[in-house]
Every structure is written in structure tokens, then in C-alpha cells.
Amino acid sequence: MSKDYIQILPESIANQIAAGEVIQRPASAVKELVENAVDAHARNVGIYLKEAGKNQIQVIDDGIGMSPADAKIAFARHATSKIREAKDLFEICTLGFRGEALASIAAIAEVSLKTRREEDELGTRVEIAASTLIGQEPVQCPVGTNFTVKNLFFNTPARRKFLRTNQTELKHVLTEFERIALSRPDIGFKLHHNTTEIYNLPPASLPQRITHLFGKGISNQIISINADTQIVKVSGFVCKPEYAKKVAGEQFIFVNNRYVRHALLHKAILNAFSQLIHQEAIPSYFIFLDTDPENIDVNIHPTKTEVKFVNEQAVFQILHAAVKEALGKFNVIPSLDFDMDRSIEIPAYGSQRVVIPPSIDYDPKYNPFDSQTGGHQPSSFRPEPPAFLKDNLSNWDTLYKDFESDQQKLPLDTEKESTKNNLPGNTIFQFKLKYIMTPTASGLMVIDQKRAHERILYEQFVRTLANLHTESQQMLYPKVIDLSPGDFALLSEIAESLKTLGFDVQPFGGYSVALNAYPAILSTEDPEALFMDLLARIRESEETGNHFSEKIARALAKAGAIPYGKALNAEEMNFMIDHLFACETPGFTPGGKTIVIIVQTEEIEKKF
Ligand code: ADP
Ligand code: MG
């Protein structure tokens, strides 16, 4: 006698499994609902979230709506109005086409849909939860569609537990929102979170939309790019080299109006900027590639953002050339017409200009060992540390003590006393403008300069936050900074911690703020850039489970650390080593990256 084991899964379970692929978090549901609204020819789309979308996501559009029958069937798996035959797959111009989103959302949430077409007197309301139809009835409602999705993952507690803090989930929603809002500047979008309006974007031109999303500061920083070839049409904007940031976040490529990630195309753009920006900087860009669908692999997973071109090499070259040409032109053609009430600014430099990172401010001639220099000073005079390492908590007296005795503090240096006497005195040098190298008892110590500084600053900031006191550097003239609405909302959350760290930032009307002071420990020539870099890092940082203020300390240490490529003199390198080994954890950055290694003498000897 045989027994059969295989069963077909009930529809609701199959949907739940499929939902896992399409809906990972509130942001994915928002993306699918908003894309549906766009596909339905909406002119205006409103998004209303409660608790970052975990408790409620409402998306309201004024698109074509659905008939009562369609409203019900829309929730079935593979229900789509967008393709009918396999050959349609090769001509897709809508955002969705697999008919899985609504089925997936309805499988793991409580959904209420109200919709009406123009030709219908009455609309219809459909209620559905966990793939089960609860009811349908006629209702009065405006033309268009109104989805309310409550309690995401209510019936899959394991997945619900997987959701991160509201701040992180909201960040994911904002990321999706930016992509769709950029791809369709002609559509008006609103985004509300709890009781706050985060965005209210009127239908606009692309440059206006970029400004509405990323703040007024970007408006005179963008250069249009254009190329029309048989393979692909390129349009959009790149930002001027001087606007390039240390943190990714404003890099957007759209293929046939769909946001994609494409490492090769990113590289094409980076290459075009290569002589113009610091090696660690990332240019901002908003690039649209349009091509016949037959030139791309259409079998794109609906939630994936990868795309494959048939002729990648050619697209690479076209994009690279288009960006290069735009950067070159910007040399001669003044700013674009921007439909905004600001005067046209004529770029002041040529394309061969190299953007120099903010430099460190110190007196190169000053020698702390030279007693002559201090001759006229009162006996209590202490030399000032190099400005970029100003550390108001550490004891300046200890800085110039015998370097050799300092070496004993190294946790990594386990070598016996006896070899110590062979050490050359203060031999210390910089390698590749990136590493500080110095012999130790057991071998050759190599320190990553940027990471070391990051660790030093981080520990300083953590102490500052604990003591609730820091030194501020007042600015001669406050700097008014136009923020994006998203950054403005973020800033209000972190204002207290920033104040403790030494920032003085005041609201300045609209989404603008005045930066009056910054932490004195960060000697910077461009406090605005530092501040923007900090905001970007906090925005981009993943949840770590750490206390929030610690996250800010981490971000600020990263933003303020001296870059690679910065030449350091002996004094600065000594200062760095002293401070690094005064840290609690000198070996690793707060993010766990190695700061110091020692190449053991035996390893060197083995090579010979
Ligand atoms: P897809 O977008 O891949 O077709 P979905 O599950 O997202 O699949 O949606 C199923 C169908 O429901 C769509 O094809 C469309 O006909 C209809 N639909 C969904 N949202 C809307 C909307 N906001 N307005 C009008 N029709 C919609
Ligand atoms: Mg869809």
C-alpha cells in the first residue's frame, strides 16, 4: 500500500510565501501601491503613513480607478491588466506587470480598497485580510483609488518582529519615494508621516523636482546632460564636481523611467569625473536612459533593481561620453534656465580644476622641540596642537614624552624588553599618503591614518556626550543652509545631541537653518560641507542597535576624520599615534575596521 504525501498548498499559504518575495517591509508596500497609482495615470498621489507604515499605509490617487469586478479580482495572484500575451513582455512600459503586488499585500495585511471610475456613478469598497475577502459594497467616493493597508505582517509575527525601528523603516520609505518622485516630476506627490507633512511636491519640471526633494542648495549645482544615439537616449543632470559628497545617496539612474542600480554605469559616471573630484568623493547624478525594450532584459524581477543591457559596453561608452561632454560644456555655457527666482551663476572654474579636500590648518615651521620658539613666552606656555587634532580633553603635557615608552602601551606589542634598545628613535613616516609607519619592538607598525583619526574623534565625542559639554567653534558669519525636507525632519530628531556635541544650529525659516558653531575639535574650513556630510551619514547609517547619540558620534567621527591623501608631518603623525593609543580601543574603528597592524620582524626576515 502506498501513501501519497504531496499536497497543493492552500491559496492563502501560497500567497503568504509569495508575499515574502515582494513585500519585505513597509517601504516595499508603499512602492508597489504608488507604482500602481502611477500606472493608473494618476496626476496626484498622496501617501499617509502611521508608525513608518507598520500600522497603516494609505495611498490615494486620482487615476482611472477600477470597476467593481476588477477591484475584487485585482487581489488574485497573477491578476494584471498590464499584459495579456507573452509578447507583451517585450513591450512593457508600465512599472508593474506581474500581478503579484496586491495579492502579496492582501496576504499579510488588512486591506481596504475604495475605487471609482469616471463613468461609474458609485464606487466600490473591497475589504480583504490575510487573503480572505471580508466584504464588498458600493460606496460614494471620488474618481480614483484609495488603498488603506493596516497592520502589515499581522498574521506573520516572525516577519513583523523583523521590522526595524520607525526611523529606519521610514528611511526605506523615503528612499523608494525619492526614486518614484524623481522618475515622474509631472505627477504631484504628498507624503505624510503620523501628523507631519514630509513632502508636498507639486507637478514640476525635473530640475524643480530635484530641488524640491534635495533642497535649494542643489539648484545651481546641476548640469544637464544629453545624448541621443540609436542604442540609447541619455538625459538628466549631473551635479558639479564641487558638489560631490563623501557619502552615497544622490545617485539615480533610471532605465525607461524605472529606477535601477547598475555598477557598470555608475563607474562610467565616476570615470567621467575622475580628474575633477577627490578620490573618495561621489558625484550626485540623476540620469535617465531610454532605450527600446528589446535592448534590455525584460525579465526583471519586480522588486529587484538590476537591469541588463544587451550591449553594455556601448551604453557604458555613450554615458561616459555624455557626462564628460556635459562637464566640459559647463565650463563655457553658463547655468541652465532654472525657472527659479535666483540669478544665473556663471561657473568660476575650468574643467581641469582638481577639487582639493579641506586642508589642515597648522604652522609648518613650528617646532615644539625648539626651545627658541617659546623664548618670549611665559613659562606656562604650551604649544597648541595641530588644529585638526585639537583635543581639549587630553593632556598636552604627555604628547611629547618619549615615544619609545609610549610603545609599551601598545596592546599589540608583546615583544620582550631586550629588543627595545635597538629601536631607532622617532622614525616615523607616511606611506602613500594613507598610512603612518613606524618601527616597533616587534616589527613595523602600520596605522591607517583616517581610521585612526576616526577612532580618536569617536572616543572624544562619546565622552563629550556623556559629560554634556563640549567646546564650540563660533563662526564669524553664520552659514545659512537650505535642507531637503527629509534632512530637516531628521535634524529635528537629532538637534539635542548635535547641541551637546558643539553644533549651534537654528531654524531659519522654511527648511533652512543657520549654522552658527561647530565642534571645536573639528577644525574645518568648510563647516557647511562637514555638517551636510554628517547629516548624510546619519541618514545612510543602518540601525546598529546602539544608542542614538552614539550613532551620531560615529557619524561625526567619520565625517570629521582626515581623508586619505592628506600629507601629515612628523608632529601630526606623532600626535595621531599618541592619541590613538590613549584610546580605549585603539585597534579598531567604531565600525570594527582594523586601524593598526604590525608586520612582524620574522615575517620581514622570512622574505629574505
Ligand atoms: P501589476 O501592477 O503587476 O499589474 P498589481 O497586483 O500591482 O499587479 O495590481 C493588479 C491590478 O490591479 C493592476 O494590473 C491594475 O489593473 C489594478 N490596480 C492596482 N492598483 C490600481 C490603482 N491604484 N488604480 C487602478 N488600478 C489599479
Ligand atoms: Mg503593481
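Student: Which strands does helix α9 lie across?

Tutor: A helix packed on a sheet is described by the strands beneath and by an angle to one of them. In this predicted model, helix α9, residues 312–329, lies across β9, β10 and β13. The helix runs at about 135 degrees to β9.

Student: Which strands does helix α6 lie across, and at what angle to β11?

Tutor: Helix α6, residues 166–183, lies across β11 (251–255), β12 and β13. Its direction is about 55 degrees from that of β11.

Student: What is the order of the strands in the open sheet of five strands?

Tutor: A sheet is read strand by strand, from one edge to the other. Here the order is β9-β10-β13-β11-β12, and the pairing is mixed. The edges are β9 (222–228) and β12 (258–260), each of which pairs on one side only. From one strand to the next, the twist averages 20 degrees.

Student: How many bridges join β10 to β13?

Tutor: Six bridges join β10, residues 233–239, to β13, residues 285–290, and the two strands run antiparallel. To find the register, look for residues facing each other: V238 stands opposite Y285 in β13.

Student: V238 is also listed among the contacts of Q221. Where does Q221 lie?

Tutor: Q221 is in the loop between α7 (206–214) and β9. Leaving aside neighbours within four places in sequence, Q221 is in contact with V238, C239, K240, E242 and Y243.

Student: Is Q221 buried or exposed?

Tutor: A residue counts as buried under 20% relative accessible area. Q221 has 14%, so Q221 is buried.

Student: Now the open sheet of four strands. What is its strand order?

Tutor: The order is β14-β15-β16-β20, with antiparallel pairing. At the edges are β14 (429–431) and β20 (596–600), which each pair on one side only. Neighbouring strands of this sheet are turned by 30 degrees against each other on average, direction ignored.

Student: How many bridges join β16 to β20?

Tutor: Five bridges join β16, residues 443–448, to β20. Within this antiparallel pair, M445 stands opposite I598 in β20.

Student: What does V446 show about this part of the fold?

Tutor: Residues far apart along a chain can be brought together in space. V446 is found in strand β16. Its C-alpha atom is separated by 7.6 Å from that of V599, although the two are 153 residues apart along the chain. Beyond neighbours within four places in sequence, V446 is in contact with Y435, I436, M437, I595, V596, I597 and V599. V446 has a relative accessible area of 12%, so V446 is buried.

Student: Which helix lies across β14, β15 and β16?

Tutor: That is α11, residues 449–467, running at about 70 degrees to β16. Of its 19 residues, 14 are buried, so the helix is mostly covered.

Student: How many Å should α11 span, and what caps its N-terminal end?

Tutor: The length of a helix can be checked against the rise for each residue. At 1.5 Å a residue, the 19 residues of α11 should span 27 Å, and the end C-alpha atoms are 27 Å apart, so the two values agree. D448 caps the N-terminal end: a side-chain oxygen of D448 lies 3.1 Å from the backbone nitrogen of K450.

Student: How many disulfides are there?

Tutor: The test is whether two cysteine sulfur atoms lie within 2.5 Å. By this rule the count is zero. As for burial, C141 counts as buried because its relative accessibility is 13%, and C583 counts as buried at 10%.

Conventions:
Residues are numbered from 1 along each chain as its sequence is written. Chains are lettered from A and ligands numbered from 1 in the order in which they are written. This is a predicted model: local features need pLDDT of at least 70, side-chain atom pairs count only at pLDDT 80 or more; totals for chains, interfaces and linings use all residues. Side-chain values use heavy atoms; hydrogens and water are left out. Two strands pair if DSSP finds at least two bridges between them. Axes are lines fitted to C-alpha atoms, for helices over the stretch in contact, and angles run from 0 to 180 degrees between N-to-C directions. Contact means heavy atoms within 4.5 Å. Buried means under 20% relative accessible area, exposed over 50%, partly exposed in between (1.4 Å probe, protein chains only). The expected span of a helix is 1.5 Å times one less than its number of residues. A polar contact is a pair of N or O atoms within 3.5 Å; within protein, one must be able to donate a hydrogen and the other to accept it, and residues adjacent in sequence count only if both atoms are side-chain atoms.
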